[in-house]
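Me: I would like to understand the metal sites here and the terms used for them. Could you take me through the reasoning?

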Amino acid sequence: MITLSVIKADIGGYVGHSSMHPDLIARAQEYMEKAKGQGLLVDFHVTRCGDDLQLIMTHEQGEGSERIHKLAWDIFLACTDVAKKLKLHGAGQDMLSDAFSGNIKGMGPGVAEMQFEERGSEPVLVFMADKTSSGAWNMPLYKMFADPFNTIGLVIAENMHSGFSFEVHDVKEHRKVVFNAPEEIYDMLVLIGAPSRYAVKCVRHRPSGEIAAVSSTDKLYKMAGRYVGKDDPVLIVRSQGEFPAVGEVLEPFAMPQMVQGWMRGSHHGPLMPCSISESNPTRFDGPPRVVCAGFQLVGGKLIGPRDMFDDPSFDEAWHQANLAAEYLRRHGPFEPHRLPLEEMEYTTMPQVMKKLEGRFSPL
Ligand code: F6R
Ligand code: MG
Ligand code: MG
């Protein structure tokens, strides 16, 4: 059995929150190389999405391994040092705890991990987003694994015709529920259509139960007891055979869906698919980006990456995202561009209300 772990953190932006300084990637690579040399990792790839450092690792330690999580934590600490020396913006911003306590979950960084038996051919796609939150995967996952208008394999491929099950997390109440698709899609959509509250954590093949997709569903503001940044989530998807084909997995992103995040984590904006080198959100600190690194696994070795959105067939998604961004921007500080009061990462509401105390009179 091999485990694929993707652990990420924003530990300092360059310039502002727009991108990543190459020294951070270089430092992370040094640590990873060493861990691979010591036999802890089978393989690794270090990359970024916007200002988020992404550690993609294969190993035989299983999910939630203390050794793997500690490695990632130490790398983020070392890279925070680099970021502080360069006075990068928000150095160490996702390192919410002072000391590592066995598992990186709940400490700031985002985690998606899956353990499985490698198939004869094992294509995996790692999606990474910046300037948005974990609910951003709900609609794409629904389309990949439950929508025949997206995934024709659900209709005409015998090994996918029984559907998939979705584990949905209630990120506010900390509880979960599993839905079977297609039978229960109407019930499921009531929940996952509200992505700030319910997030799809994982998807499994039916009836085999084989893991198909896993997302990070870490709500940073919940962990810190206050808003400290949208979590800029990641998602791992296995592809081909009994899972959707690569093109079926990528297809949902041809529509730049509206997500929460963007400037000050307090706006709605279109999710723009782009190549990794173009994931530099600058206009109004955005619009939100999604990138995808594709790999073939060989005995756990990561053959790749292929930069999956580096393809002119996604040009129209760019164009539509820019049109939507322009239209939304004209709303300025008004909803629905600005998020509802309770969803904003930045707010002056308490101070303003305090100032207005005594000035309100009954209607
Ligand atoms: C959104 C984001 C940026 C910052 C904004 C203000 O997720 O990271 O839009 O919120 O640039 O940043 P600070 O408060 O660090 O000056
Ligand atoms: Mg940032
Ligand atoms: Mg970020």
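Reply: Happily; what follows goes through the two magnesium ions and the residues around them. This is a predicted model, where local features need pLDDT of at least 70, side-chain atom pairs count only at pLDDT 80 or more, and totals for chains, interfaces and linings use all residues. Residues are numbered from 1 along each chain as its sequence is written, chains are lettered from A and ligands numbered from 1 in the order in which they are written, and side-chain values use heavy atoms, with hydrogens and water left out.

Me: What makes D10, H17 and D51 donors of the magnesium ion (ligand 2)?

Reply: Donors are N, O and S atoms within 2.8 Å of the metal (3.2 Å for Na, K and Ca); water is not among the atoms, so sites may look incomplete. D10 (OD), H17 (ND1) and D51 (OD) lie 2.0 to 2.3 Å from the ion, so they meet that cut-off.

Me: Which residues are the protein donors of the magnesium ion (ligand 3)?

Reply: They are D51 (OD), D52 (OD), D130 (OD) and D232 (OD), at 2.1 to 2.6 Å. Along the chain their spacing is D-D-x77-D-x101-D.

Me: Which residue coordinates both ions, and how far apart are they?

Reply: D51 coordinates both, and the ions are 3.9 Å apart.

Me: Why is D10 called buried, and H17 partly exposed?

Reply: Buried means under 20% relative accessible area, exposed over 50%, and partly exposed in between (1.4 Å probe, protein chains only). D10 has 2%, so D10 counts as buried; H17 has 24%, so H17 is partly exposed. D52, at 0%, is buried, and D232, at 6%, is buried too.
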